[in-house]
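Colleague: I'd like to learn how to read a sheet from its strands and their partners. Can you walk me through one?

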Amino acid sequence: MCGIVGYIGQKQAAPILLDGLAKLEYRGYDSAGIATLNDGKIDVAKAKGRLAVLSELTDEGKNVPGTVGIGHTRWATHGEPSDINSHPHVSMDGRFSVVHNGIIENYISLKEKLISKGFEFKSETDTEVIAHLFEYYYNGDIIDAMIKVINRVEGSYAIGVLCADYPDQFVAVRKASPMIIGLGEGENFIASDVTAILNHTRNIYYLEDNEIVILKSDGVKVYNTDKEEVEKEVFTVNWDVSAAEKGGYEHFMMKEIEEQPKALRDTISPRIKDGRIVLDDISLTAADIKAIKKIFIVACGSAYHVGVVGKYAIEKMCRIPVEVQVASEFRYCDPIVGKNDLVIVISQSGETADTLAALKEAKSKGARILSIVNVVGSAIANASDDVIYTWAGPEIAVATTKAYSTQLAVMYLISLYMADKLGMVTSGQYKKLIEQIEALPDQVAEIIKQKDKVQYLASLFFNSQSIFFIGRNLDYAVSLEGSLKLKEISYIHSEAYAAGELKHGTISLIESGTLVVALATGRELFDKTVSNVKEVKARGAVVIGLTTESQTYMSEVADHVITVPDTDEMLLPSLSVVPLQLFGYYVASLKGCDIDKPRNLAKSVTVE
């Protein structure tokens, strides 16, 4: 959540900052601001609302001159969305201006101390504490001040700081909150995400926690907290700028839904060579896998739903017990996890605060960590023993689609890889599963071609007050994701239920005209789910059945039917989720919702 951009060079900073912040709008925000340093003075402009408000206020940045500056889009945590609470915040003497992502957990005690020293606060934010701390600790050396500040604050942060005494540079630091450094020709950048600076450079540094960066127009230097210079490896971004742009689509979400065949291919193809799964990314040996006592899958939101599918896949194929836990609960339940356990951590951004905290908890207890992430060099990737990158490319829409699908694909590869090492699959079973995994991209492409049918169904039900999703086993796991997709972008109340649980209470919610989306793709439990369809129809529900092409009986019991191609049951979630993504999208579109930036939500959740 939130976004930071910083610039120093020969050009006017404000237009570059506004353009970069526009590229970060997907992260979620409720206010925006910029600060520039010009003629030894810091100028600040900020406003509640969308970035367009700030752009109009500053005449597209023309009213805020200067060739060095920092910008921010804020998602409120401390204090309501307002002009005053917006970033950047300025120290009482006007010498420092600060932007900050994350949460300062001990800000109350720090604020009380500063007030006792005569400092006055204008906002309700935790971030203003940082600005005043810089003034309090500053003795003429900006790095010394930064070290003292980060030694006092507790929590997560990515911080950019202007100092009026240093007109030719600015300083930044990060801890458990995303920030990258962009390296240009005669100009340099900071940003929360590479998408913000791709129009200017492809060469970047990834920062470790508490590495301090001094940026000048002609160079960048990185220091540790002992003021020792740190050598950094330059990474080059190898995907096109167009990958982070809409390319003619009305919304990023639809673009990313349609990118799923390519994303799946990019995830799967390099990891299957000569009919064998090759995971060069990980060091898990056959002996390591055989020693695993239990597997924990830890994630949030859609990534958690991937974990639910992963539990079914791993337990069925490997016969190793798997526990799936929401990351925000994991470290607070004193988890019984140790050195013979594998913890699989899933996060699109690799910066999800709850998931990172859960990872550290598991690692402190001796567990081995395998992460599935999309962003190279992210905090979760760096903290893991092994990491598998999904290679999904940039995902801009808040509602995840291709990241979810590529995470699923990685989960299948891990499951089959471990089953093979354990001797749990025959050569024939292995060969067939490999062929079916490789077929997934083309099958997803075929499903997307049916989007007009899904759009028609959305037109019938977009005014629904409540929509329920039901399924069993893997179908229940996908129901969770289908329900989440719908509610987060259309704001329609929606719930997912294990179909067999209907009679234990939730069927009381069904009344005449209620829409129920029933997933029945698995052959073994198809008849039982059909019985549940009949139960809800008997109480007045309208049913959309989602099943495979070969199970034609669904058309005799459901009011409407969507089909997906047949494949191994373990792989069906990769197919059945696509119509649900499309359904959620079209319902939200017909309701006129802000699909890529749904209210109250952020793409990268970097606070607990």
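Colleague: How many bridges pair β5 with strand β6?

Modeller: The general idea is that strands of a sheet pair through backbone hydrogen bonds, either parallel or antiparallel. Here β5 and β6 (residues 96-104) pair in the antiparallel sense over two bridges. Two strands count as paired if DSSP finds at least two bridges between them. Strands (E, at least two residues) and helices (H or I, at least four) are DSSP runs, numbered from the N terminus. One bridge partner to look at: Val90 goes with Ser97 in β6. Bear in mind that this is a predicted model, where local features need pLDDT of at least 70, side-chain atom pairs count only at pLDDT 80 or more, and totals for chains, interfaces and linings use all residues. Residues are numbered from 1 along each chain as its sequence is written, and side-chain values use heavy atoms, leaving out hydrogens and water.

Colleague: Which helix packs on the sheet there?

Modeller: That's α4 (residues 127-137), which touches β5, β6 and β7 (155-163); touching means a contact, with heavy atoms within 4.5 Å. The direction of α4 makes about 135 degrees with that of β6. For such angles, axes are lines fitted to C-alpha atoms, for helices over the stretch in contact, and the angle runs from 0 to 180 degrees between N-to-C directions.

Colleague: What is the strand order in the open sheet?

Modeller: Read across its six strands, and you get β5-β6-β7-β8-β12-β13, with antiparallel pairing. The edge strands, β5 (89-90) and β13 (219-223), each pair on one side only.

Colleague: How is β7 joined to β8?

Modeller: Through a hairpin of six residues. The two strands run antiparallel, with five bridges between them, and Ile159 has Val173 in β8 as its bridge partner. Going on across the sheet, β8 pairs with β12 (residues 212-216) over four bridges, again in the antiparallel sense. There, Val171 has Ile214 in β12 as its bridge partner.

Colleague: Why is β8 largely enclosed by the rest of the structure?

Modeller: Because five of the six residues of β8 (residues 170-175) are buried. Buried means under 20% relative accessible area, exposed means over 50%, and partly exposed is in between (1.4 Å probe, protein chains only). Over the whole protein chain, buried residues make up 60% of the 608.

Colleague: And the wider setting: how many helices and strands are in the protein chain?

Modeller: There are 19 helices and 26 strands. The C-alpha atoms fill a box of roughly 75 × 55 × 45 Å along the principal axes.
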